[in-house]
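Here is a short briefing on one protein chain. Keep the sequence and the 3D view open as you read.

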Amino acid sequence: MKTVVLNLGCKVNQCECDSLLAGLKDLGHEVSCDLVPADNYIINTCAVTKEAERKSRQYVGKAKKLNPKAKIYVIGCAAEKNAEQFVGKDVTYVSGTAKKEQVLSFIEGVHIVPLPLAYEYMAEGETFRSRHFVKIEDGCNNYCAYCVIPYLRGSVRSRSVESIFNECKKAAEHTDEIVLTGINITCYGEDIGTSLSELIRHLAVLPVRVRLGSLEASIITEDFLSAVEEAGNVCPHFHLSLQSGSNAVLEAMARRYTTEEYYEKVELIRSRFPVAAITTDIIVGFPAEREEEFLETLAFAEKVAFSDIHVFPYSRRHGTAAYPLGALDPAVVKDRADRLIVLRDRLKRSYESAFVGSSLDVVVESTDGLFAEGYSENYIRVYLPDRDYPIGKKVTAYVEGERADGLVAR
Ligand code: SF4
């Protein structure tokens with residue numbers, strides 16, 4: 001029996017897919033993550049944008065084309081948001097974000113399991129990627145005005161420190177980098193009496209570097225940065241979600257900080273880690289964003305000098321607080337995204353070029369016979385002449401120059 005597991009979403013979905021793949025192997029299935037002919041397809045869907053939801057539906061059609069007799073199991077955020085969109089499309093099973101592992105035992109019917117109150121433990125994945133992603137929590141309590149995720153994933157449920165430690169320890173035998181991921185890892189531990197700082201302190205003994213996933217600015221305190229500094233194995237890379245550089249838009253988005261507060265956090269990071277990478281997410285075209293607020297965002301991004309920006313055109317999601325506000329003209333949104341990308345590229349170049357002539361530790365992700373490539377501790381893509389470097393292992397690279405998408409080293 002061959003089963004394909006397709007992931008459309010975030011790193012949390014990826015971790016869950018790895019667990020499902022391990023469970024399927026235990027059941028004796030031949031497994032794949034590629035769109036290839038198979039008996040079963042499990043599609044772990046995403047609803048973060050309209051486009052992600054559309055792709056989730058599209059995968060059903062693609063799977064059906066490859067094998068019209070295949071059984072298709074749809075799970076995840078898009079199914080939690082609107083299970084009906086998959087019903088009647090030759091889908092065998094539809095379930096939401098809770099108890100994803102039940103897909104392994106279900107064979108038919110529409111089945112939405114109520115969201116759980118505590119962290120749901122899934123089988124540990126057996127696939128250790130070059131950088132291993134470890135899910136540490138699920139859910140979010142923030143309810144930002146544009147975001148549908150808390151409705152789909154529920155409130156914060158944290159995984160125990162012990163369970164995370166054990167997975168990281170196992171991963172450390174295969175890779176030199178683990179990435180702590182979740183829906184909102186800033187809130188890690190608040191439901192089980194611990195915190196991200198505590199977790200970092202526990203992981204400090206492992207012979208592996210630890211990268212933190214997306215953070216909210218509120219987590220940046222002296223205590224948190226001390227935990228990072230004392231651990232000695234946490235990457236100097238802080239992905240601090242911004243979303244807008246305008247206080248009016250931040251308020252309309254129900255974000256919980258002002259640009260002034262955010263900037264203080266940036267300064268605090270730089271006072272302890274002067275060359276750390278500070279990356280971010282910015283949404284352009286939120287309905288409350290006029291040209292003048294967008295210009296504030298450009299100016300603020302320039303002031304922070306982000307080393308990378310993930311630019312997201314606003315996607316209006318049913319059921320969110322911002323939904324009734326409508327949406328801006330798509331041409332305006334595209335124009336703003338393009339302008340922010342131009343700034344992003346300039347800031348990225350300027351940050352990266354400062355490392356020419358210095359050494360970086362690169363965890364090799366892939367090799368193609370010509371070049372090996374991977375990310376440095378401060379999240380710069382680095383290319384090395386291929387020397388059969390072992391995938392997932394750290395090499396010290398001397399940076400000699402730049403290229404369009406990163407640095408070149410030896
Ligand atoms: Fe969504 Fe805001 Fe929670 Fe992030 S913090 S998952 S944007 S509600």
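**Domains**

The C-alpha centres of domain 1 and domain 3 lie 34 Å apart. This is a predicted model. The domain assignment places domain 1 at residues 2–111, domain 2 at 132–351 and domain 3 at 359–409. The points below cover a cavity, a pocket, ring contacts and a few single residues.

**The cavity between two domains**

- How many cavities of 30 Å³ or more does a search of the whole structure find? The search finds one.
- The largest cavity holds about 70 Å³ of space.
- Its lining is made up of Glu16, Thr97, Lys100, Tyr119, Glu120, Met122, Lys135, Asp138 and Arg157.
- Sorted by class, six of the lining residues of the largest cavity are charged, two are nonpolar and one is polar.
- Where does the largest cavity lie? Domain 1 and domain 2 both give residues to its lining, so the cavity lies between them.

**The second largest pocket**

- The second largest pocket has a volume of about 310 Å³.
- A set of 20 residues lines this pocket. Nearest its centre lie Thr186, Glu216, Ala217, Ser218 and Ile219.
- Which elements give two or more residues to the lining of the second largest pocket? They are helix H6 (196–203) and helix H9.
- The lining of this pocket divides into nine nonpolar, six polar and five charged residues.

**Aromatic pairs**

- The structure holds 12 aromatic pairs.
- One of them joins Tyr119 and Tyr121. Their ring centres are 4.9 Å apart and their planes meet at 75 degrees, an edge-to-face pair.
- Is Tyr119 buried or exposed? Tyr119 counts as buried because its relative accessibility is 12%, and the cut-off for buried is under 20%.
- Tyr119 also helps to line the largest cavity.
- Tyr121 has a relative accessible area of 44%, so Tyr121 is partly exposed.
- Tyr262 and Phe306 form another pair. Their ring centres lie 6.3 Å apart with planes at 65 degrees, so this pair is edge-to-face. An angle over 60 degrees counts as edge-to-face.
- The Tyr262 and Phe306 pair links distant parts of the chain, 44 residues apart. Tyr262 sits in helix H9 (residues 259–272). Phe306 sits in the loop between helix H10 (291–304) and strand S14 (308–313).
- Tyr262 and Phe306 are both buried.
- Which residues do ring pairs link into a cluster with Tyr262 and Phe306? The others are Tyr257, Tyr263 and Phe300.

**Charges over rings**

- Lys303 lies over the face of Tyr263, 4.3 Å from the ring centre.
- Tyr263 is also part of the ring cluster above.
- Arg316 lies over the face of Tyr323, 3.9 Å from the ring centre.

**Positive phi angles**

- Ala254 is not a glycine, yet its phi is positive, at about 60 degrees.
- Where is Ala254 found? Ala254 lies in the loop between helix H8 (247–252) and helix H9.
- Ala254 counts as partly exposed because its relative accessibility is 32%.
- Tyr379 is not a glycine either, and has a positive phi of about 60 degrees.
- Tyr379 belongs to the loop between strand S16 (371–376) and strand S17 (381–385).
- With a relative accessible area of 22%, Tyr379 is partly exposed.

**Contacts across the sequence**

- Ser56 is part of helix H2 (residues 50–66).
- Why does Ser56 count as buried? Ser56 counts as buried because its relative accessibility is 0%.
- Ser56 and Leu8 are 48 residues apart along the chain. Their C-alpha atoms are separated by 6.8 Å.
- Ala277 has its place in strand S13 (residues 277–284).
- Ala277 has 0% relative accessibility, so Ala277 counts as buried.
- Ala277 and Ser307 are 30 residues apart in sequence. In space, they are 5.7 Å apart, C-alpha to C-alpha.

Methods. Residues numbered from 1 in each chain as written. Predicted model: local features only at pLDDT ≥ 70, side-chain atom pairs only at ≥ 80, totals over all residues. Heavy atoms only, no water. Domains from an automatic or database assignment. Phe/Tyr/Trp six-rings, centres within 6.5 Å; stacked < 30°, edge-to-face > 60°. Buried < 20%, exposed > 50% of the residue type's maximum accessible area, 1.4 Å probe, protein only. Helix = DSSP H or I, 4+ residues; strand = E, 2+ residues; numbered from the N terminus. Lys NZ or Arg CZ within 6 Å of the ring centre and 35° of its normal. 1 Å grid on protein atoms, 1.4 Å probe; cavity = no way out; pocket = protein on both sides within 12 Å on 5 of 7 lines; lining within 4 Å. Points joined across faces, edges and corners; volume = space filled by probe spheres on them. Nonpolar A, V, L, I, M, F, W, Y, C, P; charged D, E, K, R; others polar.
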